[in-house]
Amino acid sequence: MNEIMKTILSRRSIRRYEERQLKEQDLQEILKAGSFAPSAMNQQSWHFTVIQNRAVIDSIAAAAGKALDRGEPFAPFYNAPTLILAFGQEGAISPVSDASLALENMFLAAASLGAGSCWINCVIDFFEKTQEGKAMRKTLGIPDGYRCVGSGIFGYPAEQPEAKPRREGTIHYIR
Ligand SMILES: Cc1cc2nc3c(=O)[nH]c(=O)nc-3n(C[C@H](O)[C@H](O)[C@H](O)COP(=O)(O)O)c2cc1C
């Protein structure tokens with residue numbers, strides 16, 4: 001099996017991380033992989049905010065937990081050392097698809113480097129639907145004209161979960 005197939009098949013969503021931060025070289029490779037994702041009409045309509053400050057990540061988790069009424073304790077980012085918020089440009093052809101493909105490229109790049117990752121969804125409701133989230137956008141320097149598409153957490157994995165069974169019947173051939 002080639003290396004890309006091995007990486008695709010072995011990538012898992014990681015929810016337990018080592019405390020150490022990603023090496024800068026690994027972070028840059030991950031971001032580069034994201035920037036080389038396909039995008040509608042090559043618009044590259046994404047914007048990423050990379051957060052590697054523990055206090056800032058925790059403050060987003062706390063504010064989101066409160067604003068979304070998720071109760072305590074709310075630890076959506078699983079104490080991962082790096083959080084990448086993904087935004088898509090309003091008015092682009094397919095901002096959600098563009099940013100999502102970029103995130104998946106990042107997840108695969110992370111796996112290929114021995115790092116772990118997981119998509120975290122609650123940021124969408126937080127940054128799009130709550131006053132607290134809209135206010136925090138300013139603090140974080142999120143540019144105007146972008147909608148939150150999701151986020152990814154990254155770090156070195158402290159677990160390697162098994163793949164879940166694949167659903168049957170999701171492919172129909174006509175040939
Ligand atoms: C759009 C999307 C949203 C997700 N949101 C979350 C989330 O908020 N929290 C979480 O722990 N995992 C989240 N996941 C990860 C999925 O639970 C995970 O991909 C799925 O269970 C399959 O496991 P695997 O990635 O290890 O193959 C999300 C995945 C996707 C694609």
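**Ligand site, nonpolar cores and backbone outliers**

A polar side-chain atom of S13 is placed 2.6 Å from an oxygen atom of the ligand in this predicted model. A second side-chain contact involves R15, with a polar atom 2.8 Å from a ligand oxygen. N121 takes part through its backbone, an N or O atom of this residue lying 3.0 Å from an oxygen atom of the ligand. The ligand, taken alone, exposes 620 Å², of which the protein buries 61%.

The residues around the ligand comprise R11, R12, S13, R15, Y78, C118, W119, I120, N121 and K164. By character, this shell divides into four nonpolar, two polar and four charged residues. S13 and N121 belong to the shell and count as polar, whereas R11, R12, R15 and K164, also in the shell, count as charged.

The largest nonpolar core has 27 residues, among which I60, F77, L85 and F127 touch the most other members. At least two residues of this core are supplied by each of α3 (54-67), β2 (82-89), β3 (116-120), α5 (122-129), α6 (131-140) and β4 (146-155). The largest share, five residues, comes from α3. Another core, of 20 residues, lies apart from the largest one and includes A37, F48, I84 and V149. In soluble globular proteins, nonpolar side chains tend to be buried together.

The surroundings of F127 were examined with neighbours within four places in sequence left aside. On this basis F127 is in contact with I60, L85, F87, G133, K134, M136, R137, L140 and C148. Two of these partners, I60 and L85, are themselves among the core members that touch the most others. The numbering places F127 in α5 (122-129), while G133, K134, M136, R137 and L140 fall within α6 (131-140).

Two residues that are not glycine have a positive phi: N42, at about 50°, and Y78, also at about 50°. N42 is found in the loop between α2 (24-35) and β1 (46-51). Its relative accessible area is 53%, so N42 is classed as exposed, the threshold for this class being over 50%. Y78 lies in the loop between α3 and β2, two elements that each contribute at least two residues to the largest core. With a relative accessibility of 32%, Y78 counts as partly exposed. Y78 is also one of the residues around the ligand; the accessibility class takes only the protein chains into account.

How values were computed
Residues numbered from 1 in each chain as written. Predicted model: local features only at pLDDT ≥ 70, side-chain atom pairs only at ≥ 80, totals over all residues. Heavy atoms only, no water. Core = buried A, V, L, I, M, F, W, Y, C linked by side-chain atoms within 4.5 Å. Buried < 20%, exposed > 50% of the residue type's maximum accessible area, 1.4 Å probe, protein only. Helix = DSSP H or I, 4+ residues; strand = E, 2+ residues; numbered from the N terminus. Contact = heavy atoms within 4.5 Å. Near = heavy atom within 4 Å. Polar contact = N/O pair within 3.5 Å; in protein donor to acceptor, adjacent residues only side chain to side chain. Areas by Shrake-Rupley, 256 points an atom, 1.4 Å probe, with all protein chains shown as cover.
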